[in-house]
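Got your viewer open? Load the model, switch on side chains, and follow along from one selection to the next.

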Amino acid sequence: QVNLVESGGGLVQPGGSLRLSCAASGTIFSVWAMGWYRQAPGKQRELVASITNNGYTNYADSVKGRFTITTDNAKTTAYLQMNSLKPEDTAVYYCYADVAVQARLVPVDYWGEGTLVTVSS
């Protein structure tokens with residue numbers, strides 16, 4: 001069992017900042033990647049940011065230059081620093097981790113429960 005606990009969502013005004021965190025625990029052999037998807041009402045699910053265990057990062061075009069994803073040294077906790085937030089960033093943000101629970105197994109995605117980010121004045 002792999003558990004992801006995410007936090008950091010809330011209500012902020014446009015131009016404000018939030019930092020999301022996502023901590024993976026449980027039966028983990030290795031974490032290959034972590035990141036966040038988001039889904040807003042009436043919109044498709046979107047990959048916001050991801051980071052691999054070798055440090056490669058990927059961002060949605062809509063957040064480049066504003067969001068930064070990092071991990072801790074163990075690579076089991078990810079952080080998403082969100083700056084210059086816009087109303088269109090409003091969504092439920094779902095953390096995921098690509099985890100191999102045993103050696104030589106194909107990694108599988110695990111998901112957090114989601115945290116709501118609301119950007120509004």
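Keep in mind as you click around that this is a predicted model.

**Stop one: the disulfide**

Start by selecting Cys22 and Cys95 and zooming in on the sulfurs. Look down the S-S bond: the torsion there is about -85°, so the Cys22–Cys95 disulfide is left-handed. Now colour by secondary structure and see what the bridge joins. Cys22 belongs to strand β3 (residues 18–26) and Cys95 to strand β9 (residues 91–100), so the bond ties together parts of the chain that are 73 residues apart in sequence. Put a distance label between the two sulfur atoms and you should read 1.8 Å. Don't go hunting for others, as the structure holds one disulfide.

Next, turn on a surface. Are these cysteines buried or exposed? Cys22 is buried, at a relative accessible area of 0%. Cys95 is buried too, and its relative accessible area is likewise 0%.

**Stop two: the aromatic rings**

Hide the surface and show the aromatic side chains. The count of aromatic pairs comes to three. Among them is Tyr37 with Trp111, a tilted pair whose ring centres lie 5.4 Å apart, with 50° between the planes. Zoom out a little to see that this pair links distant parts of the chain: Tyr37 is in strand β4 (residues 30–39) and Trp111 in strand β10 (residues 108–111), 74 residues apart.

Keep Trp111 selected and add Tyr96. Here the centres are 5.7 Å apart and the planes meet at 40°, so this pair is tilted. Tyr96 sits in strand β9 and Trp111 in strand β10, so the contact ties together parts 15 residues apart in sequence.

Show Tyr37, Tyr96 and Trp111 at once, and you have a cluster linked by ring pairs. Bring the surface back for a moment to check how covered its members are. Tyr96 has 8% relative accessibility and counts as buried, because the cut-off for buried is under 20%. Trp111, at 36%, counts as partly exposed.

**Stop three: a charge over a ring**

For the last selection, go back to Tyr37 and add Arg45. What sits over the ring of Tyr37? That would be the charged end of Arg45, 4.8 Å from the ring's centre. Leave Trp111 on screen as well, and you can view Tyr37 with its ring partner and with the Arg45 charge over its ring.

Conventions: Residues numbered from 1 in each chain as written. Predicted model: local features only at pLDDT ≥ 70, side-chain atom pairs only at ≥ 80, totals over all residues. Heavy atoms only, no water. Disulfide = S-S within 2.5 Å. Helix = DSSP H or I, 4+ residues; strand = E, 2+ residues; numbered from the N terminus. Buried < 20%, exposed > 50% of the residue type's maximum accessible area, 1.4 Å probe, protein only. Phe/Tyr/Trp six-rings, centres within 6.5 Å; stacked < 30°, edge-to-face > 60°. Lys NZ or Arg CZ within 6 Å of the ring centre and 35° of its normal.
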